[in-house]
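Q: I am new to this structure. Please take a close look at one part of it, then show me what lies around that part.

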Amino acid sequence: MEETKHVLKVAALCGSIRKASCHRGLIRSAIEICSESIKGMQVEYVEIEHLPFLNTDLESGGSFPEIVEAFRRKIHEADCILFASPEYNYSVSAPLKNAIDWASRPPNVWAGKPAAIVSTGGGFGGGRAQYHLRQIGVFLDLHFINKPELFILEFQPPQKFDSHGNLIHPESKERLEQVLLSLQAFTHRLQGKS
């Protein structure tokens, strides 16, 4: 009798809510790469744009608004997390921070989860946001992969994304695949399935 392999569920969050965001493009590419090249790993894009601003007045009797409960369930049920984090003013975006805060309300559904961060942008390619997100992750008890890092310098040639935010640069796709493989291996290690 053949053993059924567990498919790792990756909850992917995008810090940009713009429809043609290149960060959404990174998640679309991650979904495509996993479905075509990485066995045993499935990425699901988890929307954060409709979450209300964190307000504990919205918590009632130990429960949250339904949209927040649904979001928290997605995080709780995931084996690991993929953040596509733009850099806004040297930090993470407000929508992403809001989502992080909702899922950290007791009980913290981030706790113990393996995670990876990818970003794109000018200058440092979103690197400062990644480092800030790693700091936030310490309190949340998230466990980030250390290598490889993926900071895509979006505005330097050659073109990395098309006008719809889709990743079209083969080398960046290969680097994204390496991040996903590292996340998969790290998740198995933390789950004791290496």
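A: Helices (H or I, at least four residues) and strands (E, at least two) are DSSP runs, numbered from the N terminus. Helix 4 is followed by Asp-141, and the phi of Asp-141 is positive, near 65 degrees. The model is predicted: local features need pLDDT of at least 70, side-chain atom pairs count only at pLDDT 80 or more, and totals for chains, interfaces and linings use all residues. Residues are numbered from 1 along each chain as its sequence is written, and side-chain values use heavy atoms, without hydrogens or water.

Start with helix 4 itself, residues 127-140. Its 14 residues should span 20 Å at 1.5 Å a residue (counting one less than the number of residues). The end C-alpha atoms of helix 4 are 20 Å apart, which agrees.

Which residues of helix 4 are buried (under 20% relative accessible area; exposed is over 50%, partly exposed in between; 1.4 Å probe, protein chains only)? They are Gly-127, Ala-129, Gln-130, Leu-133, Arg-134, Ile-136, Gly-137 and Leu-140. These buried residues pack against helix 3 and against strands 3, 4, 5 and 6.

Now follow helix 3, residues 94-104. Its axis and that of helix 2 (residues 66-77) come within 10 Å. The two axes cross at roughly 85 degrees, so helix 2 and helix 3 are roughly perpendicular (65 to 115 degrees). Helix 2 makes this contact (heavy atoms within 4.5 Å) through Val-68, Phe-71 and Arg-72. Helix 3 supplies Ala-99, Trp-102, Ala-103 and Ser-104.

Strands 3, 4 and 6 lead on to the core. The largest nonpolar core (buried Ala, Val, Leu, Ile, Met, Phe, Trp, Tyr and Cys joined through side-chain atoms within 4.5 Å) has 28 residues. Val-10, Met-41, Leu-82, Val-118, Leu-176, Leu-180 and Leu-183 touch the most other members. Strand 3 (80-84), strand 4 (114-121) and strand 6 (150-153) are among the elements that each supply at least two residues of this core. Helix 1 (22-36) and helix 5 (170-190) are also among them. Helix 1 gives the most, with 6 residues.

Take Leu-82. Beyond its neighbours within four places in sequence, Leu-82 is in contact with Val-10, Ala-11, Ala-12, Leu-13, Ala-30, Ala-116, Val-118 and Leu-180. A second, separate core of 27 residues includes Ile-81, Val-92, Ile-100 and Phe-144.

Finally, look at helix 5, where Glu-174 is found. Glu-174 is exposed, with a relative accessible area of 52%. Glu-174 and Ile-33 are 141 residues apart along the chain, yet their C-alpha atoms are separated by 9.2 Å.

Key
Axes fitted to C-alpha atoms, helices over the stretch in contact; angles between N-to-C directions. Parallel < 35°, antiparallel > 145°, perpendicular 65-115°, else oblique.
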